[in-house]
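Please walk through this structure with its pockets in view. Single residues follow after that.

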Amino acid sequence: MSSAEVAIGVIGVGTIGGYWLDHFAPTLPLPSRARVTAIFRRQQQWLAPRGIDTKHWRETFTKHAQTRQADGIEQWLQVTRQREQQPVLLDLTADKTISRRYPAWFAAGAHIISANKYAGSSAWSFYQELQRVRRQYQRHWLYNTTVGAGLPILSALQERCLCGDQVQRVEGNLSGSLSWIFQQYRAGDKLSDWVLKAQEMGLTEPDPRLDLGGMDVARKLVILAREAGWKLQLKDISMQNLVPVSLQSISATDFVARLDDFDQAFDAWRQREHPNAEQFVYLGYVARDSTGQTSGGTRLQPIDDSSLYARLPAGNANFTVQSRQYDANPLVIQGPGAGPEVTAAGVHSDVLQLIARLKNS
């Protein structure tokens, strides 16, 4: 089927999905015979086997979309295979339920590109089953934007492992949103002001507590660890949650209404733990010691002007990879770590890479 047309189904057309459809889908290379033939939103779907004019997808989606069926994606996969097209699903959501369908979609013929971190950081048993089914049906799964947006951190770890190197530690300010927030924040500011500005810019998750709680960073750490060949799960990550317990279980709307409580709790922590600190960075790490034991954690750490993190451009992420070959002088990968533009660009890079693999298979 290497010469078959590639049919792309887009799941989720929020900030990232919308940007990819607006700016990158119209540039799909004609020789690849790749086209978008389906768009799935939470409540609606649009199936167009002959292809969607992505230059005007918003208007035509409003006109032609139907109520999304529970098995709408499965129906699209079946029709796509019947038309002898190769189906590729872009999961551009942050939906755990969607990620649990990956094994079934692999079995039904799909290759998958993810910006969704849930599959890569899922429970070890599910992750093993997912990989088993992927291998059984010889499907491709690309997920480079789950960590570092468009930065090549996952491919760097893959290369280290392929060449026989042994990764020992990966550390960095893995959250582009928290990087931007704390590159702006100075002691005495209302932290919530910078959180809200980051949210307005599309840098945070829809519920910013996913960033502030450390879970977003923890999921990325699990994905990094597994890329290094380590068996690590979320429960193994020690997280510093910047959200006080009293605000962790309420609705997102109520959390925003109680941002004064959030600011008071953060200031109390700062004055108690780091009374002289002016600037902070939220770091995450995963490591394996000489006995093979793995660990991971997140923490908010004070920095001064001499720190590498103090000199980063706002919103940039920095990854430090220490390995047997990069021991005294670690490998550093740095660049924009968040935002719809760079994430959509990373998704498109995965799309082009997958198209090339399918063409050569």
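Helices and strands here are DSSP runs, numbered from the N terminus; a helix needs at least four residues and a strand at least two. The model is predicted.

Start with the empty space. Rolling a probe the size of a water molecule over the atoms shows where such space is left. The largest pocket has a volume of about 1,100 Å³. Its lining counts 47 residues. Nearest the centre of this pocket lie Leu-92, Thr-93, Ala-94, Glu-205 and Pro-206. Which helix gives the most to this lining? It is α11, with four residues. Several helices supply at least two residues each: α1 (15–23), α4 (96–99), α8 (176–184), α10 (209–212), α11 (215–227) and α14 (340–360). By class, the lining of the largest pocket holds 17 nonpolar, 19 polar and 11 charged residues.

The second largest pocket has a volume of about 320 Å³. It is lined by 16 residues, and Trp-141, Tyr-143, Gln-158, Glu-227 and Arg-357 are the closest to its centre. Two or more residues come from each of α6 (124–136), β7 (141–142), α7 (153–162), α11 and α14. The most come from α6, which gives four. The lining of the second largest pocket divides into four nonpolar, six polar and six charged residues. Note that α11 and α14 contribute to the lining of the largest pocket and also to that of the second largest.

Now take α7 on its own. Ile-153, Leu-154, Ala-156, Leu-157 and Arg-160 are its buried residues. Why do they lie on the same side of α7? They cover an arc of only 160° around the axis, so they fall on one side of the helix. The general rule is that an α-helix has 3.6 residues a turn, so residues three or four places apart point the same way. The cover over the buried residues of α7 includes β8 (167–172), α11, β12 (316–323) and β13 (331–336). After α7 comes Gly-164, with a positive phi near 90°.

Stay with the helices, and look at α6. Arg-134 lies in this helix. Its relative accessibility is 22%, so it counts as partly exposed; the buried class ends at 20%. The side chain of Arg-134 makes a polar contact with the side chain of Gln-131 at 2.7 Å. Beyond four places in sequence, Arg-134 touches Phe-106, Arg-139 and Trp-141. Trp-141 is also one of the residues closest to the centre of the second largest pocket. For scale, take Arg-134 and Val-281: they are 147 residues apart in sequence, and their C-alpha atoms are 37 Å apart.

Two serines sit in other helices. Ser-179 is in α8. With 5% relative accessibility, Ser-179 counts as buried. Its side chain reaches the backbone oxygen of Ser-175 at 2.8 Å. Leaving out residues up to four places away in sequence, Ser-179 touches Asn-173 and Asn-316. Ser-192 is in α9 (residues 191–200). Ser-192 is buried too, at 4% relative accessible area. Its side chain makes a polar contact with the side chain of Asp-263, at 2.6 Å. Ser-192 also touches Leu-259 and Phe-262, again not counting residues up to four places away.

The loops come next. Lys-231 is in the loop between α11 and β9 (237–238). Is Lys-231 buried or exposed? It is exposed, with a relative accessible area of 52%. Outside its neighbours within four places in sequence, Lys-231 is in contact with Trp-124 and Thr-294. The C-alpha atoms of Lys-231 and Gln-293 are 9.8 Å apart, although 62 residues separate them along the chain.

Two loop residues carry a positive phi without being glycine. Glu-84 has a phi of about 60°. It sits in the loop between α3 (72–82) and β5 (86–91). At 60% relative accessibility, Glu-84 is exposed. Ala-149 has a phi near 55°. The loop between β7 and α7 holds Ala-149. In contrast to the exposed Glu-84, Ala-149 is buried, at 4% relative accessible area.

Technical notes:
Residues numbered from 1 in each chain as written. Predicted model: local features only at pLDDT ≥ 70, side-chain atom pairs only at ≥ 80, totals over all residues. Heavy atoms only, no water. 1 Å grid on protein atoms, 1.4 Å probe; cavity = no way out; pocket = protein on both sides within 12 Å on 5 of 7 lines; lining within 4 Å. Points joined across faces, edges and corners; volume = space filled by probe spheres on them. Nonpolar A, V, L, I, M, F, W, Y, C, P; charged D, E, K, R; others polar. Buried < 20%, exposed > 50% of the residue type's maximum accessible area, 1.4 Å probe, protein only. Arc of directions from axis to C-beta. Contact = heavy atoms within 4.5 Å. Polar contact = N/O pair within 3.5 Å; in protein donor to acceptor, adjacent residues only side chain to side chain.
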